Amino acid sequence: KDLFDRTFGRDDEILLNTGKMERSLEATTMENTTSSCFLMERKALVKINRKEVMLAKLRKSCSCTPQKLKNFVMDFFPVLRWLPKYRCKEYIWGDIMSGLVIGIILVPQAIAYSLLAGLKPIYSLYTSFFANIIYFLMGTSRHVSVGIFSLISLMVGQVVDRELLLNDSFSNTTAFNLTIVGINAESLTFVAGVYQVLMGIFRLGFVSMYLSESVLDGFATGASLTILTAQVKYLFGIKIPRSQGHGMLVITWINIFRNISQANLCDVITSAICIVVLVTAKELGDKYKHKLKFPLPTELVVIAVATLVSHYGKLNEVYGSSVSGAIPTGFIPPKVPEFNLMLRVAVDALPLAIVSFVFTVSLSEMFAKKYAYTIRANQEMFAVGFCNIIPSFFHSFATSAALAKTLVKTSTGCQTQVSGVISAMVVLLVLLFLAPLFYSLQKCVLACIIIVSLRGALRKFRDVPARYHVNKMDTLVWVVTMSASALVSTEIGLLVGIVFSMLCIIVRTQRPRTALLGQIQDTNFYEDDLEYKNLSTVPKVKIFRFEAPLYYANRNYFLKSLYRLTNLDPNLEAARRKKYEKKEKQHLKKGNHRTVNGLGIGETTLQLVPKQIDFQALVVDCSSISFLDTTGVNTLKEILKDYKNLNISVLLACCNPSVIDSLKRGGYFGRDFECMQEMLFYSIHNAVLFAKDQKLPADCSV
């Protein structure tokens with residue numbers, strides 16, 4: 001305490017832990033204006049008996065009490081916690097309004113997205129109904145809308161198209177093909193749900209951390225281009241062969257231009273009118289959304305009018321326009337997905353499960369933060385998993401949360417997932433009574449609804465310049481992910497995006513920023529000499545900063561940057577000196593008392609160190625080094641040894657505790673840590689003051 005008071009000029013006390021734990025003492029030089037020092041004590045790590053901890057957790061998890069069983073059930077079905085506390089007068093009207101609006105929007109979207117999935121419209125209606133009911137019971141988010149989602153429908157459709165092409169080679173019976181296709185979609189959905197439940201059991205939600213915002217945006221934009229391409233044939237009413245596999249986008253456009261002469265004029269006119277009406281309504285809705293209590297049901301109005309015109313104008317019979325066809329009412333008897341088909345689609349189900357979970361959790365967290373409540377990501381994984389498993393028995397396909405419908409829910413007063421039940425009732429009404437009314441609906445109208453719904457994703461192209469200005473690397477990740485998703489396939493695009501994003505991180509740690517620091521005038525702080533003006537150089541001291549972890553992948557870059565910025569490679573300098581000394585010995589053996597430079601023997605020492613060595617201490621700023629591996633520790637030991645041979649001290653500053661522990665375990669401070677107080681400092685300024693106080697020969701000679 002006396003030493004602390006003398007150093008800092010105050011009467012504060014250093015509180016020390018006086019327990020029985022063993023202490024690990026680290027001596028660190030801390031300076032104010034003099035070179036006095038005090039000791040900082042590290043708390044000793046308490047040794048934990050991992051076996052006993054594991055056994056205790058196992059006993060706790062395996063024990064079963066009535067209270068624990070109750071908590072488990074209520075955690076698994078969160079509705080049991082919040083529904084009894086439901087504020088009916090405060091919440092009910094907002095939930096009813098948002099539920100009705102979403103239900104009205106769901107009907108045309110469900111029928112439209114069936115085109116993406118390559119399935120009959122009834123599959124989409126079943127999916128919307130069951131997903132809303134199950135998420136009501138198991139979800140932890142109050143606002144997200146779970147059901148059909150364009151990207152998920154596209155990924156399902158790609159598997160459906162592949163299986164349909166495969167089955168075409170074995171059978172020419174259309175009914176047989178449609179049955180097989182439906183069973184494949186159900187098996188795919190079941191396996192994706194099983195993956196999600198297993199991820200929840202093993203708590204693998206961290207997988208979503210590897211999907212950065214740039215990867216997700218690039219994936220969504222690339223998939224949107226694929227969706228747009230898949231719908232163009234319906235806009236023109238042309239029939240082209242299904243494209244499957246890599247390069248589907250390019251092949252489809254080639255086939256479209258080859259067959260453009262076969263375009264159906266009725267479909268072209270209908271598509272043009274629908275797109276103009278939908279885009280105009282969307283733009284007006286966005287412009288005056290603050291004045292509207294709920295969004296205009298434009299899609300429903302367009303579908304109703306188009307269906308009436310198609311029915312009474314007999315567009316299918318007279319002009320050959322393609323229509324939706326019969327949509328059965330009621331529920332088809334449930335059926336267990338086939339195990340043999342599950343094995344065939346097991347690989348396809350993995351990216352589907354990850355994308356579905358990531359979008360659901362991302363939206364849940366976003367709206368939970370906005371409305372000040374919390375969600376449980378692991379329970380969300382269970383919820384979306386069972387939203388896939390259970391409906392797969394009832395002729396449904398994979399689901400996910402959708403941003404557009406979630407925004408509509410919040411803007412129309414949604415308070416809880418009771419709104420999801422209202423939406424499910426609207427879909428149920430269509431399933432039981434109103435489905436046959438959509439028989440004459442043209443497919444080109446559905447394609448227009450899908451294409452207009454992609455505006456948000458396609459508008460991200462306009463954000464590329466701003467994105468590039470903010471972060472060039474993230475923009476490159478976006479471009480690569482988008483291109484791979486559009487030009488190769490959605491699954492490959494997602495994988496490419498994740499891998500490329502991780503490679504970018506590795507590259508950034510392999511070649512991080514390095515700098516020599518100068519002193520900010522009249523302060524104890526130091527900054528990059530190339531970035532800031534009016535910095536003072538410290539005589540006889542070089543301060544080097546490395547802004548990344550030091551590990552095996554960037555070891556060579558660390559050394560090259562250090563040698564380049566300090567203008568000294570100690571290995572080359574040592575080799576030069578050995579060569580010079582060898583020549584001197586040869587001259588002395590020959591009896592020549594003058595050196596190779598014509599100097600006397602007494603003058604030789606002055607020539608051993610080149611003029612460019614203008615420092616006697618190297619301070620390494622370790623504040624940005626988050627960790628060291630074995631190679632990193634050995635690298636620091638290597639420079640310590642090499643510079644010591646040149647009479648140059650190496651001082652480490654601003655090391656975090658984990659870096660200090662790595663250095664100690666690696667033997668950097670020697671066996672007894674005796675020199676630790678002269679090698680390790682808690683600030684750059686303390687290291688600089690210590691270096692200035694060192695008394696080395698003026699010529700820094702060996």
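Good morning. I begin with a cysteine: at 7% relative accessibility, Cys-655 falls below the 20% cut-off and therefore counts as buried. The structure in front of you is a predicted model, and that applies to everything I report.

Is Cys-655 in a disulfide, or in none? Cys-655 takes part in no disulfide: its nearest cysteine sulfur belongs to Cys-622 and lies 3.7 Å away. The cut-off for the sulfur pair is 2.5 Å. Under that criterion the number of disulfides is zero. A further cysteine to note is Cys-414, which has 4% relative accessibility and so counts as buried too.

I turn now to the nonpolar cores. The largest contains 101 residues. Which of them touch the most other members? They are Leu-151, Val-156, Leu-211, Leu-352, Phe-438, Leu-441 and Val-445. Helix H5, residues 88-117, supplies the largest share of this core, with 12 residues. A second core, separate from that one, has 35 residues, among them Val-620, Leu-628, Val-650 and Ile-660.

Leu-151 deserves a closer look. Leaving aside residues up to four places away in sequence, Leu-151 is in contact with Phe-219, Ala-220, Ala-223, Ser-224, Ile-227 and Phe-359.

Next, the packing of H5 against helix H19, which covers residues 443-453. The two axes come within 9 Å and cross at roughly 95°. Because that angle lies in the 65 to 115 degree range, H5 is roughly perpendicular to H19. Which residues meet there? From H5 come Pro-108, Ile-111, Ala-112, Tyr-113, Leu-115 and Leu-116; on the H19 side are Lys-443, Leu-446, Ala-447, Ile-449, Ile-450 and Ser-453.

Helix H15, residues 346-370, permits a check on its geometry. With 25 residues at 1.5 Å a residue, H15 should span 36 Å, and the C-alpha atoms at its ends are 37 Å apart, so the two values agree. Just after H15, Ala-372 adopts a positive phi of about 60°.

My last item is Leu-559, located in helix H24, residues 555-566. Is Leu-559 buried or exposed? Its relative accessibility is 7%, so Leu-559 counts as buried. Apart from residues up to four places away in sequence, Leu-559 touches Thr-635, Glu-638 and Ile-639. Thr-635 is separated from Leu-559 by 76 residues in sequence, yet their C-alpha atoms are 8.2 Å apart in space.

Thank you for your attention.

Methods. Residues are numbered from 1 along each chain as its sequence is written. This is a predicted model: local features need pLDDT of at least 70, side-chain atom pairs count only at pLDDT 80 or more; totals for chains, interfaces and linings use all residues. Side-chain values use heavy atoms; hydrogens and water are left out. A nonpolar core is a set of buried Ala, Val, Leu, Ile, Met, Phe, Trp, Tyr and Cys residues joined through side-chain atoms within 4.5 Å. Buried means under 20% relative accessible area, exposed over 50%, partly exposed in between (1.4 Å probe, protein chains only). Helices (H or I, at least four residues) and strands (E, at least two) are DSSP runs, numbered from the N terminus. Contact means heavy atoms within 4.5 Å. The expected span of a helix is 1.5 Å times one less than its number of residues. Axes are lines fitted to C-alpha atoms, for helices over the stretch in contact, and angles run from 0 to 180 degrees between N-to-C directions. Angles under 35 degrees count as roughly parallel, over 145 as roughly antiparallel, 65 to 115 as roughly perpendicular and the rest as oblique.
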